[in-house]
Amino acid sequence: MKKMIKYVFVFALISTLILPQVAYSSATEASEREIVYEEPDNTDSSNIIITDEYENNTGLLRYQNVSSISPTISISSGTANCATIVVMYNSKEGHVNISLQKSADNSNFSNVASWSDDYSSSGSHSSSGKASVTNGYYYRNETTVIVKSGTTVLETIYAQSNSVYY
């Protein structure tokens, strides 16, 4: 009997330590997967997108080539700095398009400037661009990542920074 109680106690202890981690890894709410951080005045960072497309609530990522996308925007002295870091799992052809967007109402955005970059290896890739901006508008960085194998598009992923009022 004592041996049985010992096994039940050990099982309960192990379950208490492991189950919360399993439950978190299968979470499907975006807010549970996004990492938010703040920067100083006139700077705003997006939530880091950790490929938030899940299949059948299994906790498995749908994207097989992109680990994360992190678009950011900062504005200083009339110049917007847009940057995006893309982390790739595999050595596929990647195309990153960064668009600086502008809005008077923080709702309807239009493109002001854009920059693009290509790469073909796994790991972390950084792309950026700068453009002049005017006061009285909201600005954001909208990034599109297209992953290809030859001419076949494998994945298309969109991510946006939070908007910044300047």
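Ser77 is exposed, with a relative accessible area of 71%, and this residue of the predicted model makes a convenient point of entry. Ser77 belongs to the loop that joins E2 to strand E3, the latter spanning 79-88. The backbone of Ser77 has a phi near 50 degrees, a positive value in a residue other than glycine. A second case of this kind is Asn106, which is not a glycine and yet has a positive phi of about 60 degrees. Asn106 is placed in the loop between strand E4 (93-103) and strand E5 (110-119), and with a relative accessible area of 35% it counts as partly exposed.

From these two loops one can step back to the chain as a whole. The protein chain contains two helices and nine strands, and along the sequence these elements follow the pattern α-α-β-β-β-β-β-β-β-β-β. Of the 166 residues in the protein chain, 34% are buried. The surface that the chain exposes amounts to about 10,100 Å², of which carbon and sulfur atoms supply 51%. When contacts with a separation of 6 or more are considered, residues 24 or more positions apart account for 59% of them.

How far the model can be read with confidence varies along the chain, and the pLDDT values should be kept in mind. The mean pLDDT of the protein chain is 74, and 63% of the residues reach 70 or more. Over residues 6-61, however, the pLDDT is below 50, although in the model this stretch has 75 contacts beyond near neighbours in sequence.

Among the strands, E2 (residues 66-76) holds Thr72, a residue that is buried, with a relative accessible area of 16%. Thr72 also illustrates how distant parts of the sequence are brought together, for Thr72 and Ser161 are 89 residues apart in sequence while their C-alpha atoms are 5.3 Å apart in space.

Another buried residue is found in strand E6 (residues 123-132), where Ser127 lies. Its relative accessible area is 6%, and Ser127 therefore falls under the 20% limit below which a residue is called buried. What does the side chain of Ser127 make a polar contact with? The partner is the side chain of Asp117, at 3.0 Å. When residues up to four places away in sequence are not counted, Ser127 touches Cys82, Ala83, Thr84, Val96, Ile98 and Asp117.

The aromatic residues offer a further view of the packing. A pair of aromatic rings is described by the distance of the centres and the angle of the planes. A search of the whole structure finds two aromatic pairs. One of them is formed by Tyr137 and Tyr139, whose rings lie 6.5 Å apart centre to centre, with 70 degrees between the planes. This pair is edge-to-face because the angle of 70 degrees is over the 60 degrees that this class requires. Are the two partners buried or exposed in part? Tyr139, at 1% relative accessibility, counts as buried, whereas Tyr137 is partly exposed, with a relative accessible area of 27%.

Tyr137 takes part in another arrangement as well, since the charged end of Lys102 sits over the ring of Tyr137, 4.1 Å from the ring centre. A comparable placement involves Phe109, with Arg140 lying over the face of that ring at 3.9 Å from the ring centre.

Methods:
Residues numbered from 1 in each chain as written. Predicted model: local features only at pLDDT ≥ 70, side-chain atom pairs only at ≥ 80, totals over all residues. Heavy atoms only, no water. Helix = DSSP H or I, 4+ residues; strand = E, 2+ residues; numbered from the N terminus. Buried < 20%, exposed > 50% of the residue type's maximum accessible area, 1.4 Å probe, protein only. Contact = heavy atoms within 4.5 Å. Areas by Shrake-Rupley, 256 points an atom, 1.4 Å probe, with all protein chains shown as cover. pLDDT = per-residue confidence, 0-100. Phe/Tyr/Trp six-rings, centres within 6.5 Å; stacked < 30°, edge-to-face > 60°. Lys NZ or Arg CZ within 6 Å of the ring centre and 35° of its normal. Polar contact = N/O pair within 3.5 Å; in protein donor to acceptor, adjacent residues only side chain to side chain.
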